[in-house]
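Here are some exercises to work through with the model open beside you. Try each task before you read on to its solution.

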Amino acid sequence: MKYEKTNSILSLLIGFLSMALCHHVGWATTTIFNGHTDIFEAEYEQDGTNTPTVHLGVHTDTGHYEPADVLLEVGNAAYGSTAEFSPTIISLLGANAWILPADLEAADQLGIIQAGVVKAGFPDTQPVTFTMVAAGAANPGNFALFNSGSAIRLSATGSEVGTSSFSITTGHIHYNWGFSAPGIYTFDLKASYTDAVFGALESAVETYTFNVIPEPTGGALLLIAFSVGLSLRRRFLRS
């Protein structure tokens, strides 16, 4: 009975905190936290008259989004051991990390984003290159995009970019997306492609934002709820 009561209290606190803290991520109009999502989608756009362009966006089963309009949420269900990966990955992310897995079934079972990289609408098999231009100065930890063999495609240590680019020739690939610590991460990326007729094409630089959710504990939730409640009470008294 005591356990059930505690869980009920924590559930109420989680709901309260979600409403109270949502204003802090007001820069994004859409939060994506599960389902199939092509996070890096490079799309070839041509109207038949003007020079074609490369557009970098986010694609889900329900539509296309501009990266600046999306908050990509990495749920706490993504937190786990990195023991199955190579020493290089463990060194970068730690013994435990938040990982959106390349295995779509595993991601679906966890209820987190099934994250992909896509080359869409291009006229040939020439590679599209994705380049990380910068990593946010306030990023709370390390990041790695890597395949099932632990080969790193992109990486950053805090705000310092490590592996900065990778290319794909096929249309759709899923990778592991790993984060070493909870918090808000931002990355600036662009996509480029060499067209057989028009030459080098490059997308605008787009900013991607990830919110990595910490593993909740009863004590932490109570402390956060108390702090938020106190802040709201002070605002009420001032009004």
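**Exercise 1.** Find which residue's side chain makes a polar contact with the side chain of Thr-60, and describe the surroundings of Thr-60 in this predicted model.

*Solution.* Start with the side chains: Thr-60 and Thr-62 are joined by a polar contact of 2.9 Å. Next, place the residue in the fold: Thr-60 belongs to strand β3, which covers residues 53-60. Now look at its cover. The relative accessible area of Thr-60 is 8%, and buried means under 20%, so Thr-60 counts as buried. Finally, set aside the neighbours within four places in sequence: Thr-60 is then in contact with Ile-32, His-36, Thr-37 and Tyr-65.

**Exercise 2.** Work out how strand β10 is covered and which strands it pairs with.

*Solution.* Begin with the burial count: in β10 (residues 142-146), 5 of the 5 residues are buried. Then sort the residues by direction. Asn-142, Ala-144 and Phe-146 point one way, while Phe-143 and Leu-145 point the other way, and all are buried.

Turn to the partners. β10 runs antiparallel to strand β11 (residues 152-157), with 5 bridges joining them. Within this pairing, Leu-145 has Leu-154 of β11 as its bridge partner. The hairpin of β10 and β11 has 5 residues between the strands, and there Ser-150 takes a positive phi near 70°. β10 also pairs with β15 in the antiparallel sense, over 4 bridges. Here the bridge partner of Phe-143 is Phe-179.

**Exercise 3.** Characterise the aromatic pairs Tyr-79 with Trp-98 and Trp-177 with Phe-210, and say where their rings sit in the chain.

*Solution.* First, the overall tally: the structure holds 18 aromatic pairs. In one of them, Tyr-79 and Trp-98 lie 4.4 Å centre to centre with 55° between the planes, a tilted arrangement. Tyr-79 is in strand β6 (residues 79-81) and Trp-98 in strand β7 (residues 96-100), so this pair ties together parts 19 residues apart in sequence. Their cover can be read next: Tyr-79 is partly exposed at 34% relative accessibility, whereas Trp-98 is buried at 5%.

Now take the second pair. The ring centres of Trp-177 and Phe-210 are 6.2 Å apart and the planes meet at 40°, so this pair is tilted. Trp-177 lies in strand β15 (residues 176-179) and Phe-210 in strand β18 (residues 206-212), 33 residues apart. Both Trp-177 and Phe-210 are buried. To finish, widen the view: Trp-177 and Phe-210 belong to one aromatic cluster, whose members include Phe-40, Phe-130, Phe-143, Phe-166 and Tyr-208.

**Exercise 4.** Decide which stretches of the chain call for caution, then sum up the chain as a whole.

*Solution.* Check the confidence first. The average pLDDT of the chain is 85, and 78% of the residues score at least 70. Over residues 1-26, however, pLDDT is below 50, and this stretch has 16 contacts beyond near neighbours in sequence. For residues 218-239 pLDDT also stays under 50, with 16 contacts beyond four places in sequence. Where pLDDT is low, predicted coordinates should not be read in detail.

Then step back. The chain has 4 helices and 18 strands, and 40% of its 239 residues are buried. Of the contacts between residues at least 6 apart in sequence, 69% join residues at least 24 apart. As for the surface, about 12,400 Å² is accessible, and 55% of this belongs to carbon and sulfur atoms.

How values were computed: Residues numbered from 1 in each chain as written. Predicted model: local features only at pLDDT ≥ 70, side-chain atom pairs only at ≥ 80, totals over all residues. Heavy atoms only, no water. pLDDT = per-residue confidence, 0-100. Contact = heavy atoms within 4.5 Å. Helix = DSSP H or I, 4+ residues; strand = E, 2+ residues; numbered from the N terminus. Buried < 20%, exposed > 50% of the residue type's maximum accessible area, 1.4 Å probe, protein only. Polar contact = N/O pair within 3.5 Å; in protein donor to acceptor, adjacent residues only side chain to side chain. Areas by Shrake-Rupley, 256 points an atom, 1.4 Å probe, with all protein chains shown as cover. Phe/Tyr/Trp six-rings, centres within 6.5 Å; stacked < 30°, edge-to-face > 60°. Pairing = 2+ DSSP bridges.
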